[in-house]
Amino acid sequence: MEDQSHALDSVNRTIVCFAETIYRTNGVWEGPNPLSPIVPIFVFQLPLCIFAARVVYLLLKRFNMPSFIGELIGGILIGPTFFGKILPSYYKWYFPAYAFIVIEPMAHFALIYYAFIMGLRMDILTIRRTATRAVGIAISGTIIPFLLGMSFFFMISNGERISGCIFWGFALCVSGYSSLAQITEKQSLMHTEIGKLAIASSHISELISWGLLTIGLAIANTEAGFFVATIASGLYACLCLYAVRPALVWIIRHTAAGQGYSEFYLCSILSGMALSGVITDAIGTHPMIGAFVFGLIVPDEVLQSTLVERTEDFIMEIMMPAFFAVCGLRTNLASLTTNNVSWMVVAVVIILLVITKIISALFASFFTNLAAKEAAAVGILTNTKSILALIILEIAQEHGALSTQEYSMMVVSIIIMTVIVPPLTMVYHPVDNVEPYKRRTIEKSKPDEELRVLACIYDMRNVPSIINLLEASNASQKSPISVFALHLVELIGRATAMVIVHTTRKAGTKHLTQSEAQTEQIISAFDNYELRCNGVMVQTLTARSAFSSMDEDICGVAKSRRAAFIILPFHRQQAHDGEMEDINPSIRNVNENVLSSTPCSVGILIDRRMPDSFEFPRRVAVLFFGGPDDREALAYAWRMSEHENVTLKVVKLVPAKPIAPSDPMDFMGADNSTVTVPIDAEKEKVLDDECINKFNIDTVNDNSVVFQELVLNDEEETIRTIKGMDGNHDLFIVGRGRGAISPLTAGLADWCDCPELGPIGDLFATSEFSSSFSVLVMQQYVKSADGKEESELASESFARPESEQHQWRPSNATSEDVFGSFDSKERKFSHES
């Protein structure tokens, strides 16, 4: 009887027969259908998948959708839901059942390399420094969606595939870190507290999801021994971390520097990745897990970026569309209402699946001191999914854990979860500060209030000169200084664009990358500065981004910290032979972009001192020609003059000839990045005279302050006068020159090599000086006045997207409205209009 039953079961099975022809040698002459062999049909299918994915992605790109959503929808369009319904005969011709034996292995091949790329991009050290609040949200966003997903599964399941509930729960736990980073960057949420919190929690959630995927693969492949397979995979990951990674570090350390990585070296790494995939497949999970672990342990950032650069385009643009096509072929929207399930039930289940992350974030708000509105915003952002969720579902459906109905419902839910995020972030745009941002200049700050300074640092060479400048700025308990040290790191390797706030520093951390080691040194240097100086508070941050967008990070941090002054390092530094050499030309573009979109005053610091000089400047000189930038320079030097060990000399340079009408902005060039300011020469002269008179009255009894007025004829005398001061001062503070209509600088402006410094700053940046000193070129913040108070304008700017905040508009306001008025009763400029 048993043999008969087995025979009947064999007869009742559906068997698909096809010719095992790999490719046709004689074209159409051997048969009517040249696409029947498996290689030609795949070669035909792949361009169709790529075309559908790219077309849908381009249509959705303007709505700031993640790229995988367009590719997934493109895969669904060429599947049985649309293409199979509209043109069924052609669909069976293009996508016959036997073609799955090629397209599906190719999809899994793409997944292996995708996992490797994701491992290269993921930074575990960043996760270790994540704030406790983000960890709590990530844990809540894993446990609650998993439990809810398992519960919702039984609302439509007939109970035949109980293991499917686990995969539903796993898929709901995923938060797409890379997809969320794209959305927050395009929606200008990267620098908001809500955006940072969502990104940090999604980073942790994605790492947890890879662990859940490992468990899911073990369940799907070896239901009886999944526990052993999971433990073995964990042990293999530990082996890679503590044995293979140190071996790679040793090999890289003994590789000749400056030669790059050869093709043999890169192929060896890829071969090691393949071997790692074979090991995890033999363990009982999937080659994808081995590839991901191997990508995680690659230690060198340059090697990471090289591997990503060589493999990403081919995998993501050519091979991954095959995976999305497989997802689309497995999806059938017509199956949503099968098994006596109504559309009402389907809609309710999808809505419940969509809000699981929001529910988990609201639950986390009870123990993370997060407001309900902010928690809902974090839940909406972390609801963004990624390819990882599709991988979990595709593997579950392939192994029979999910039916077509259950699979299709979850795919639809993933699309809805991700698609609603950009529109909702446009309706609810969380901001860092709604409090009026008033103190944007040093000139308008009061003597008894905090001065907030953003110090930008590229490497350790910038640290001594910036700390020396800050130390001379006279911090005290009465007039404290808050310093935000921003370490700017170029985006390479596995790093993702983000801003990290360093709250604590763990000494003795091993396996640090070069940028992380520099960050540790910067933190240590500024901690020592905070300890030895009274009235100083320091917070260190790291911003990782490309040089093309680094200015947005600087301006975003300055706004969020409400800084009054930004210090930028110059892109050149004096070498031991006295020549000014380029450190990184990209820094110049960053400085120019910051000057054109800054939310506060800016100073470019030119370091002409020796790199090992740790003495703060004691002899300070100001060259005053007039204009808002020079008044800002005088205001900063005025603050320094109150330091007991600082002497100040102010030299006012006055032209002997009458001033001819001219455009004071000519030297800067007329381009879109130029910040134009309305200039009224008479008003500016009155403000300059009032500033100088007030300075003289206030410092008349101060023996450490010297004021000198020189009458000069032309720019040649100006150059001789400046060169005559060579060797007598440690720091020169000059204005950039906007609003200074002077024949003493007109000729210099025509020969500016660095227009971002202005004519006088550009002169100091040349190699014609023999002594060692520093130069600070100041640009005063000027609001885009349109008849509103500065505080009102600032308040409104925080409610707009950041891209709009950076747009400067021409103004018809008077110079008094733009630059403020002088109050004779106060030591500094008043902020009242």
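A salt bridge here is a side-chain nitrogen of Lys or Arg within 4 Å of a carboxyl oxygen of Asp or Glu. By that rule, the whole structure holds 19 salt bridges.

Before we start, a word on the model. It is predicted, so local features need pLDDT of at least 70 and side-chain atom pairs count only at pLDDT 80 or more, while totals for chains, interfaces and linings use all residues. Residues are numbered from 1 along each chain as its sequence is written, and side-chain values use heavy atoms, with hydrogens and water left out.

**Exercise 1. Describe the chain as a whole.**

Step 1: Begin with the secondary structure, which comes to 33 helices and 13 strands. These are DSSP runs numbered from the N terminus (helices: H or I, at least four residues; strands: E, at least two).

Step 2: Turn to burial. Of the 833 residues, 57% count as buried; buried means under 20% relative accessible area, exposed over 50%, and partly exposed in between, with a 1.4 Å probe and protein chains only.

Step 3: Look at the contacts, meaning heavy atoms within 4.5 Å. Among contacts with a separation of 6 or more, 82% are between residues 24 or more positions apart.

**Exercise 2. Locate the nonpolar cores.**

Step 1: Recall that a nonpolar core is a set of buried Ala, Val, Leu, Ile, Met, Phe, Trp, Tyr and Cys residues joined through side-chain atoms within 4.5 Å.

Step 2: Find the largest one. It has 104 residues, and those with the most contacts inside it are Trp168, Trp210, Leu213, Met320, Phe323 and Ile391. Helix α15 (residues 301-330) gives the largest share of this core, 14 residues.

Step 3: Pick out Trp168. Leaving aside neighbours within four places in sequence, its contacts include Phe152, Ile156, Val349, Leu402 and Met410.

Step 4: Move to another core, apart from that one, of 49 residues, among them Cys456, Val557, Ile604 and Leu623.

**Exercise 3. Trace the strand pairings around β8 and β12.**

Step 1: Note the rule that two strands pair if DSSP finds at least two bridges between them.

Step 2: Start at β8 (residues 601-607). Strand β5 (residues 565-569) pairs with β8 in the parallel sense over five bridges, and Ile566 stands opposite Val602.

Step 3: Cross to β13 (residues 774-779), which runs antiparallel to β8 and is joined to it by six bridges. Here Ile604 stands opposite Val777.

Step 4: Continue from β13 to β12, a parallel pairing over five bridges, with Leu731 opposite Ser774.

Step 5: Finish at β9 (residues 619-624), which runs parallel to β12 and is joined to it by four bridges. Leu623 has Val734 as its bridge partner.

Step 6: Check the cover on the faces. In a regular strand the side chains alternate between the two faces of the sheet. In β8, Ser601, Gly603, Leu605 and Asp607 on one side and Val602, Ile604 and Ile606 on the other are all buried. Strand β12 (residues 731-735) is largely enclosed by the rest of the structure, because five of its five residues are buried.

**Exercise 4. Work out what three salt bridges connect.**

Step 1: Remember that side chains of opposite charge can pair when their charged atoms come close.

Step 2: Take Arg619 and Asp730, whose closest N and O atoms are 2.9 Å apart. Arg619 lies in β9 and Asp730 in the loop between α28 (715-724) and β12, so the pair ties together parts that are 111 residues apart in sequence. Arg619 is partly exposed at 36% relative accessible area, whereas Asp730 is buried at 14%.

Step 3: Take Arg631 and Glu684, which meet at 3.1 Å, N to O. Arg631 belongs to helix α26 (residues 628-640) and Glu684 to helix α27 (residues 681-698), so this pair ties together parts 53 residues apart in sequence. Both residues are buried, and a network of salt bridges links them with Glu443 and Asp688.

Step 4: Take Asp689 and Lys685, which meet at 3.2 Å, N to O. Both lie in α27, four residues apart, about one turn of the helix. Asp689 counts as partly exposed at 25% relative accessibility.

**Exercise 5. Decide whether Ser276 is buried or exposed.**

Step 1: Place Ser276 in helix α13 (residues 263-283).

Step 2: Read its relative accessibility, 1%, so Ser276 counts as buried.

Step 3: List what Ser276 touches, not counting residues up to four places away in sequence: Tyr236, Gly290, Ala291 and Phe294.
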